[in-house]
Amino acid sequence: MDPSCQQAMSQNGKAPLPIHFSGNGKAIGILTSGGDAQGMNAAVRAVVRMGIYVGSKVYFIHEGYQGMVDGGDNIAEAKWENVSSILQVGGTVIGSARCKQFRTREGRLQAAHNLVKHGITNLCVIGGDGSLTGANLFREEWKGLLKELTEGGKIDKKTAHKYSHLNIVGIVGSIDNDFCGTDMTIGTDSALHRIIEVVDAIMTTAQSHQRTFVLEVMGRHCGYLALVSALACGADWVFIPESPPGEGWEDQMCQKLSENRAGKKRLNIIIISEGAIDCNNKPITSDMIKDLVVKRLGYDTRVTILGHVQRGGTPSAFDRILASRMGIEAVLALLEASPETPACVVSLSGNQAIRVPLMECVQMTMDVQKAMDEGRFDEAVKLRGRSFENNLNTYKSLAHRKIPTHQPTVQFNVAILNVGAPAAGMNAAVRSAVRTGISEGHRMLAVTDGFDGFMKGNIKEIKWGDVGGWTGQGGSLLGTKRTLPGDNRKAVADQIRLHNINALLLIGGFEAYLGLLELLAGRAKYDEFCIPMVMVPATVSNNVPGSDFSIGADTALNAITDTCDRIKQSASGTKRRVFIIETMGGYCGYLASMSGLSAGADVSYIFEEKFDIHELQSNVEHLTAKMKTSVQRGLVLRNECCSENYTTDFIYQLYSEEGKGVFDCRKNVLGHMQQGGSPSPFDRNFGTKISAKAMQWISGKLKEYYRQGRVFANCHESACLLGMRRRTLVFQPVSQLKEMTDFQHRIPKEQWWLDLRPLMKILAKYKISYDLSNAGQMEHVDRRTHENRNTIAI
């Protein structure tokens with residue numbers, strides 16, 4: 001049995017089932033419709049390869065519904081090699097088109113005839129709510145359409161009986177993230193990458209000339225892109241349709257801009273959604289904003305309208321993985337469907353793939369627009385989901401400093417430090433913590449160079465303006481080291497007493513986790529450690545127990561994926577070449593596994609799944625067979641500590657020797673480039689939101705444990721790690737996490753992403769079994785569950 005299946009069996013307690021369905025014996029058709037979005041090709045690739053893998057015929061339907069109506073060459077069988085080299089391509093290679101004919105009964109009748117000709121009664125539609133609504137109507141009319149075709153003599157009764165029902169599964173591809181029922185739609189993360197790249201570039205020129213920039217982003221009916229990009233770059237003001245500014249907003253905005261300039265800020269960034277409106281439902285345009293700023297303040301102001309740049313470019317690692325997971329889940333949903341199964345949408349909830357009834361999602365999406373049209377904007381924000389509402393509230397609290405109506409009776413001192421290796425997004429987390437703490441009435445103290453600086457007393461107050469512009473900075477501006485308190489806990493305790501520190505926030509990786517455990521253990525000897533302490537995970541390795549995600553891992557993943565893309569492009573020119581790439585991560589195989597899925601690797605070697613010489617030989621044979629096809633290149637990833645003896649050099653030499661005469665090899669050790677660079681939108685936003693929540697927890701604990709003029713907290717619940725678990729942000733006492741930790745190898749004992757490893761092998765054409773217990777379950781979406789969901793969606 002393949003090691004990936006062994007892992008699945010050990011985690012789920014039952015053997016995985018072989019990939020085999022009695023199925024419905026019908027072919028699968030795949031089409032992309034409506035506006036294009038980065039990541040659609042990854043979904044197409046996954047549907048085609050998973051469909052072929054389970055023994056179904058799969059057909060491309062080119063040019064969306066127009067191609068379905070026109071038929072002919074627009075419907076063509078898809079082969080395995082047809083979807084090679086499309087993972088990293090933006091847009092959709094099978095085309096998308098608006099189709100007026102499909103909106104008519106005659107058009108749908110012709111489309112049904114064309115599908116029946118090819119035996120297609122399983123349809124995977126990748127598009128927005130309009131495309132999916134059309135697909136559902138098509139399904140509802142299917143029997144009537146077949147009856148009409150039979151009566152018209154175009155098909156016989158036997159054929160009509162054989163193809164008597166149509167199964168529909170939708171995958172939402174939309175850069176606006178405007179579809180209710182899923183945390184993220186395919187293309188949204190990539191669009192945010194394009195926006196943030198532009199904002200980062202604009203900020204350098206704006207600072208040079210002391211300019212104000214008004215940046216217009218897409219989002220005719222949904223302000224998600226504008227809101228999250230404003231949060232990720234620390235914009236001065238944002239306009240979105242769901243939350244229009246109140247009366248007198250012109251004065252408030254100009255006052256905010258002038259205050260920032262007075263505070264020696266050399267630039268202003270205003271982000272506006274193309275569908276922005278005021279509280280009277282009248283449009284607010286970018287030119288209106290520019291004219292207002294010039295007239296009122298006299299600032300040199302420029303307008304940048306991004307337009308379709310946001311739809312273009314290479315899809316991000318997040319979108320590739322999301323689309324691949326959704327594509328595989330869509331095939332499983334189609335083959336498990338029955339005439340009684342409602343048309344569903346494959347969705348993301350936290351890090352879980354689920355299925356939700358299509359029309360429930362469409363109805364809620366329509367309810368959002370109706371609420372906005374009727375001026376019920378608070379309800380519109382809530383209908384968008386808890387994640388959207390949290391983003392909006394977090395932006396307001398961090399961008400606009402509120403002067404407390406009354407000063408707290410006690411001003412607590414909260415220290416913040418980075419511990420361990422630097423990770424992109426740390427600075428966004430520090431900024432968020434500092435500003436949230438100040439808003440809560442605390443005095444914030446910054447510790448330079450981690451515990452090493454703590455012991456030396458490198459502690460000073462950090463103010464609101466000191467963290468301006470930090471969100472886009474990589475590395476750690478506070479400075480960070482791997483030093484632990486260890487035997488120097490007395491020096492740390494002395495500094496806590498000297499600076500009257502009442503609470504501690506640690507942002508870092510496994511060292512921060514170990515450091516927090518050491519401080520907790522030190523409470524028996526030093527009362528100074530009896531204060532609220534919380535840790536926020538930040539490490540590229542994503543190896544901290546108690547959290548499915550860590551700040552910095554997404555940026556590293558994108559760096560690896562980008563490098564793999566370039567390497568694959570090089571290999572496609574030379575042909576018959578296999579690249580061996582070593583990734584970081586210590587003993588944790590997260591980066592190697594997830595980048596393998598996002599880059600389309602043939603295999604990835606990790607510590608968590610033991611492998612031997614026989615598997616290495618099997619992988620060589622797999623690549624040898626691949627070189628006989630039209631796809632004459634290979635990509636092999638190796639986690640840096642996956643094996644003591646099977647080193648990168650050993651694997652390179654083995655592949656080179658065994659592949660002689662068939663392919664040649666190259667190796668590449670990526671090294672610390674994975675830790676560098678500007679943080680991704682995901683890491684900026686995740687760091688911002690999780691740190692704000694951590695500071696709110698600290699505020700609550702300070703009030704809870706303040707007695708008789710001092711803060712004293714000596715219970716396990718006062719030293720926690722804040723992490724994302726499945727769908728929820730959870731505070732977990734670090735003392736309870738010890739049982740979940742492999743301290744020798746610095747990894748959690750159980751890791752959720754191991755369940756995704758078989759997907760990479762399936763998409764690379766390995767003959768393995770797949771644990772169907774991991775398949776998504778049908779869930780209903782309603783106002784209550786959607787409103788209360790607390791997810792990681794950025």
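Buried means under 20% relative accessible area, exposed means over 50%, and partly exposed lies in between (1.4 Å probe, protein chains only). By that rule E511, at 8% relative accessibility, counts as buried. This is a predicted model: local features need pLDDT of at least 70, side-chain atom pairs count only at pLDDT 80 or more, and totals for chains, interfaces and linings use all residues. Residues are numbered from 1 along each chain as its sequence is written, and side-chain values use heavy atoms, with hydrogens and water left out.

**Salt bridges**

- A salt bridge is a side-chain nitrogen of Lys or Arg within 4 Å of a carboxyl oxygen of Asp or Glu. The count by this rule is 35.
- Side chains of opposite charge can pair when their charged atoms come close.
- R482 and E511 form one such bridge, at 2.8 Å from N to O. This pair links distant parts of the chain, 29 residues apart. R482 sits in the loop between strand 15 (480–481) and helix 17 (489–498), while E511 belongs to helix 18 (residues 510–521). Helices (H or I, at least four residues) and strands (E, at least two) are DSSP runs, numbered from the N terminus.
- R482 counts as exposed because its relative accessibility is 51%. Its partner E511 is buried.
- E461 and K463 also pair, at 3.2 Å from N to O. E461 is partly exposed at 33% relative accessibility, and K463 is partly exposed at 47%.
- E704 and K701 bridge at 3.5 Å, N to O. They are three residues apart in helix 23 (residues 681–705), so about one helical turn separates them. E704 is partly exposed at 39%, whereas K701 is buried at 15%.
- R105, R108, E141 and E148 are linked in a salt-bridge network.

**Helix 10**

- Helix 10 covers residues 286–297, 12 residues in total. The expected span is 1.5 Å times one less than the number of residues. That gives 16 Å, and the end C-alpha atoms are 16 Å apart, which agrees.
- S286, I289, L292 and V293 are buried in this helix. Seen down the axis, the buried residues fall within an arc of 125°, so they line one face of the helix. The arc is taken over the directions from the helix axis to the C-beta atoms.
- Those buried residues pack against strand 6 (212–217), strand 7 (237–239), helix 9 (249–262), strand 8 (268–273) and strand 9 (301–305). Contact means heavy atoms within 4.5 Å.
- Just after helix 10, G298 takes a positive phi of about 75°.

**Nonpolar cores**

- A nonpolar core is a set of buried Ala, Val, Leu, Ile, Met, Phe, Trp, Tyr and Cys residues joined through side-chain atoms within 4.5 Å.
- The largest has 171 residues, and I271, L505, Y590 and Y655 touch the most other members. Helix 11 (residues 317–336) gives the most to this core, with 13 residues.
- Not counting residues up to four places away in sequence, L505 touches A415, I416, L417, A433, V534, V536, A694, M695 and I698.
- Another core, of 49 residues, lies apart from it; L115, A135, L146 and A371 are among its members.

**V414**

- V414 lies in strand 12 (residues 413–419). With a relative accessible area of 0%, V414 is buried.
- Contacts of V414, leaving out residues up to four places away in sequence, include H442, R443, M444, L445, A503 and M695.
- V414 and A37 are 377 residues apart along the chain, and their C-alpha atoms are separated by 44 Å.
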